[in-house]
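Student: I should be grateful for a close look at a single part of this model. Please take the residue I name below and then place it in its wider setting.

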Amino acid sequence: MLHYISFKLRKKKITHDHVMYIINKVLLPRIEYLTQHIFIEPNKCNEFNRILRSIFKHSLSLPKSFFNSVVHNLIYPNILNIWDSQLRSQASLLNAQINNPVTSKVIEFLFLTSQCKLWTNDISETTKYFHKPSKHFNRLENLICIFHFYNLSFNTNFKYNVTGSLHPIRYFIVDPKKYFGFVKSLKNKNIFFLDQIISNDGAFLKTWKEIKKLLKNNRRRRSKWYDFLKDNIVLNPSTNRLQFTTQSDNMSPDLGFPRPKIIKCNNHSVPCKNQWAAFWSPRVSSIVYGKILEKSHFPGDSPKVYLEHHIPFKDMSNPNHNITPHSTPNLLTPCTGCDLHDSFYIGDVRPKCIISYFSNFTITLHVNIFKKDNNQFNNIFIVHKSDSELRADTFKDYKIRTDPLFRNRIISSQSNTPHLYIPSNINHRLVNGLLLPNDIFNEFYILINNLASFTNLEFYTDGSLKIDDDNPRMGFGWIFTSDTNLNIKFSTQWPSSTRAEIMAVLTCLIIVASLSDGFY
């Protein structure tokens, strides 16, 4: 279109005023109309401007080397710059679309789609680090990126946040050339926050071997974004010490700690082998380690574990005063007896110190025998996590369960804005696909997390009918009866006159882990 008009104008005997009118009042509005839903890149705009400037200079008999800035200057007879014209029209159009009740929901959806695409909580903050519009950006993302060059800000009355922490990983991997490759890898691994790949004390980056254990497909080679983080945010590559320390209370109420599996309710305990656990004891204000000897789940009682108490052991055969507490091997040895011993335990008499504790209040550990010459009796064990990190884990777990103010502060800080929940397993996808309205999603997410450690579950389900002033109302509900002390239950009204009891069974099924045995 531009070449055609340029060819025609060069052959016409018209003045520069005619050329200005045709370009500014005819041609540019046509371009503006055709590009309502696309964004012309800067290099293309420069090419278009070059064609129009040559026509204008020809009409004034100016040399081709004449300054381009004068041609677009408002003081003199001028033609509009396509880039500036596009920016004004696109900004006005976006502002109108957001404030129009007919199109506002469409723009809101586009913002949410862009957040998922860029793997971010804030599009504006992410695009700020790009020095120019990207071919990977859509119209909305390019426009917000360009606003930063003109010191323009764009605020909306809606915002979607991914809850779980305060440190999205995109702050630390912003490299315009590699960003989209990093994002693709992080999406496949379901890693959104930096806190997922650092120690719980917020001071160390986890090793790639530790990160692989958290992934579903752990056979992949080390990702390039991990090397980028080590080069840019790690102070000491040998210890993975970070250049900064994140806040210690930036976790969500569901910390995702692994728990010992709950056995089926019966009248006898079950012996265990090679299973370890730890918990925070307010009695001694410290972490307590133990090897699980037996598990019990008696009728009317909460599931418990019986642990052989182990205490930290310091290896004096290889003293090294230069390593940090995080890098020091976490060694354990059996306790010879202390005031934590449970004298009511009846079983193996060889352990000197036995502790009983609620199963859901402990965290499972990965422990092996310490293979060194000074371990002749195989009574020294090494934990695959540092003592400082496990102390932080168990203390956070204890505070979440026992301190309502601590728990409510975290929940309230995350409930001020609508949030985007990233489903991580089949239960969450079933909740999103089968249930309405959306405001009950969080309640079911919490139920899923609370029952994740159970392998044998039992529910009591029922439907109900209430007649009030000749206005019958149906409802349904269920109670988790495998452990009544947890007080896990759900009930709601049902608008249909049928299928209430089927919905009660369905809501139980979608919160049960795929490997569990459920009884209804």
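Where is the place of N274?

Tutor: In this predicted model, N274 lies in the loop between strand 3 (270-271) and strand 4 (276-281). Its backbone deserves attention: phi of N274 is near 55 degrees, a positive value in a residue other than glycine. Most residues other than glycine have a negative phi. N274 is exposed, with a relative accessible area of 67%.

A useful counterpart is N240, which sits in the loop between strand 1 (234-236) and strand 2 (241-242). Phi of N240 is likewise positive, near 60 degrees. N240, however, has a relative accessible area of 4%, and N240 counts as buried because this value is under 20%. A further positive phi, near 60 degrees, belongs to N190, the residue that follows helix 9.

Helix 9 spans residues 179-189, and its buried residues are Y179, F180, F182, V183, S185, L186 and K189. The elements that cover these buried residues include helix 6 (104-118), helix 7 (123-127), helix 10 (208-212) and helix 11 (224-232). Within helix 11 (224-232), W225 touches F182, S185, L186 and K189, among other residues, leaving aside those up to four places away in sequence. The contacts of W225 also include I191, I197 and W208. I197 and W225 have the most contacts inside the largest nonpolar core, which has 65 residues. A second, separate core has 23 residues, including F444, L457, F480 and A504.

Key. Residues are numbered from 1 along each chain as its sequence is written. This is a predicted model: local features need pLDDT of at least 70, side-chain atom pairs count only at pLDDT 80 or more; totals for chains, interfaces and linings use all residues. Side-chain values use heavy atoms; hydrogens and water are left out. Buried means under 20% relative accessible area, exposed over 50%, partly exposed in between (1.4 Å probe, protein chains only). Helices (H or I, at least four residues) and strands (E, at least two) are DSSP runs, numbered from the N terminus. Contact means heavy atoms within 4.5 Å. A nonpolar core is a set of buried Ala, Val, Leu, Ile, Met, Phe, Trp, Tyr and Cys residues joined through side-chain atoms within 4.5 Å.
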